[in-house]
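Reader: I'm new to this structure and would love a close look at one spot in it. Could you pick a residue, show me what surrounds it, and then take me outward from there?

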Amino acid sequence: MKNDYGVIIMKSGFKPIIFSVLGFIFLCTLFFVYKRAEAYYLSCSTSYYRIATPNVDSVQNTGEFRVGDTVYTNAAMDGSEVYTSYTAELYKGNSLYDSYSDVGRGRWFSWGHTINSPGEYLFKFTETDVNGETLSVSSSFVVYDTEPYISSSPSARSVKVGDSTTFSVSAGGSNIEYQWGYTYSSERTGTWYLIEGATSSSYTISSCDSSYNGRYYYCRIINYGNENVFSKPAKLTVYRTITYYNNGGTGSPSSQSTTCGTNMTISSTKPTRTGYDFLGWSTSSTATSANSSYAPGSTYSSNSNLSLYAVWKLKEYTVTYNANGGSGAPSSQTKKYGVSLTLSSVKPTRTG
């Protein structure tokens, strides 16, 4: 932006011209009045450079600076007029930042400040010329914070459903603020979703579920005048796990883990237990019958973790009695593994 503003002033004066006419013993004096017009232009601007001539455009003008820059506020009068006194004022917002007044004839003014506080500023220059006329001009400029930088971006995470995870970023710069967000592209294309309240150098998800899977998390670093500094995106992968428990046996399958959204197959490996038959799997450790939904080789599509417990049935043996040519043999008895059995006291008979 160009921040020089000018005012033109027109000044008038009177100059008498006297004509004397003699005749018939009287003197007639006539006054002829004319207006003398002169103009001058008062202007001001801001720059990285001071002026050395009565022309603010003799140096490159700018309205944008960074914290730590030296800003020159320049004012000048063209034409032949000069000022006899002036006041220079510098405001930050509505507050007076600095002021300077002096008397003396001049045609230009240059004032330098090293600005260490970001914000919007206004330079106002008021002069009084040799005719007592007063004029004011002003020029605005803005001082931005130094651009922040990121020294380390968040790293990718692979997290089990229900677990927590934390993304962190390291950044430098003055007066920086943080804003976390996510997208579904590693290039931050498409829709960006800002996370309300995620305004620190780290962001924690207390319990991940399948809806978080495949997101790319990033942090935006902000300070005054700088809003386009981003960390590299970090992908979050959420997986679920099937865990198998022997429930008193041995040789259960190893745990299985797969990214949410991908089907899993229940292991076909069967555990063993001395004296027991394996009936299948259940989500209860005290179940007496297996759940057919989790039969070995079946498909598991839920996006939740799954704990499966082996279901056991104590082995049973049949004791059969044979009269061996006689009659009246006892009925068969069932013997359970590890449990004593009292044999039948019924005695068969045989003629002869």
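Author: Let's begin with Y294 and the residues it touches. Setting aside neighbours within four places in sequence, Y294 is in contact with I266, W281, T283, Y300, L306 and L308. Please keep in mind as we go that this is a predicted model. To find Y294 on your screen, look in the loop between β24 and β25, where β25 covers 299-300. Although Y294 sits in a loop, its relative accessible area is 17%. That makes Y294 buried, because the cut-off for buried is under 20%. One more landmark may help you here: S282 is 12 residues away from Y294 along the chain, and the C-alpha atoms of the two are separated by 7.1 Å.

Staying with β24 takes us to a charged pair. Strand β24 spans residues 276-282, and D277 lies in it. The side chain of D277 meets that of K315 in a salt bridge, with 2.7 Å from N to O. K315 belongs to the loop between β26 (306-314) and β27 (316-319), so to speak a distant part of the chain, 38 residues from D277. In general, side chains of opposite charge can pair when their charged atoms come close. How open to the surroundings are the two partners? K315 has a relative accessible area of 27% and is partly exposed, and D277, at 32%, is partly exposed too. If you go looking for other pairs of this kind, a search of the whole structure finds 1 salt bridge.

From β27 we can carry on along the chain to another loop. N324 is found between β27 and β28, the latter being residues 333-336. Its phi is near 55 degrees, a positive value in a residue other than glycine. With a relative accessible area of 63%, N324 is exposed. N175 offers a second case: its phi is likewise positive, near 55 degrees, and it is not a glycine. You will see N175 in the loop between β15 (170-172) and β16 (177-183), and it is exposed, with a relative accessible area of 52%.

Cysteines are worth a stop as well. A disulfide is a covalent bond between the sulfur atoms of two cysteines. How many disulfides are there in this model? The count comes to 0. Take C208 as an example: the closest cysteine sulfur to its own is that of C260, 9.5 Å away, which is too far for a bond. C208 counts as buried, at 1% relative accessibility. C219 is buried too, with a relative accessible area of 0%.

Now let's move to a sheet elsewhere in the chain. Five strands form an open sheet in the order β5-β11-β10-β7-β8, and the pairing is mixed. β5 and β8 (95-106) stand at the edges; each has a single partner strand, so one side of each is left without a neighbour in the sheet. From one strand to the next, the twist averages 25 degrees.

You can follow the pairing across the sheet. Starting at one edge, β5 (residues 64-66) runs parallel to β11 (residues 134-144), joined to it by 3 bridges. Here E64 stands opposite V142 in β11. On to the next pair: β10 (residues 119-129) and β11 are antiparallel, paired over 10 bridges, and Y121 stands opposite F141 in β11. β10 and β11 also form a hairpin, with 4 residues between them, and in that turn G132 has a positive phi of about 85 degrees. At the other edge, β7 (residues 83-92) pairs with β8 in the antiparallel sense over 9 bridges, with L90 opposite D98 in β8.

Finally, step back to the whole chain. How many helices and strands does it have? The secondary structure comes to 0 helices and 28 strands. The chain has 352 residues, of which 34% count as buried. Among contacts with a separation of 6 or more, 60% come from residues 24 or more positions apart. The chain exposes about 20,000 Å², and carbon and sulfur atoms supply 47% of that area. So when you go back to where we started, you can place buried Y294 within a chain of 28 strands.

Note on methods:
Residues are numbered from 1 along each chain as its sequence is written. This is a predicted model: local features need pLDDT of at least 70, side-chain atom pairs count only at pLDDT 80 or more; totals for chains, interfaces and linings use all residues. Side-chain values use heavy atoms; hydrogens and water are left out. A salt bridge is a side-chain nitrogen of Lys or Arg within 4 Å of a carboxyl oxygen of Asp or Glu. Helices (H or I, at least four residues) and strands (E, at least two) are DSSP runs, numbered from the N terminus. Buried means under 20% relative accessible area, exposed over 50%, partly exposed in between (1.4 Å probe, protein chains only). A disulfide is a pair of cysteine sulfur atoms within 2.5 Å. Two strands pair if DSSP finds at least two bridges between them. Axes are lines fitted to C-alpha atoms, for helices over the stretch in contact, and angles run from 0 to 180 degrees between N-to-C directions. Contact means heavy atoms within 4.5 Å. Accessible areas come from the Shrake-Rupley method with a 1.4 Å probe; for residues, only the protein chains shown count as cover.
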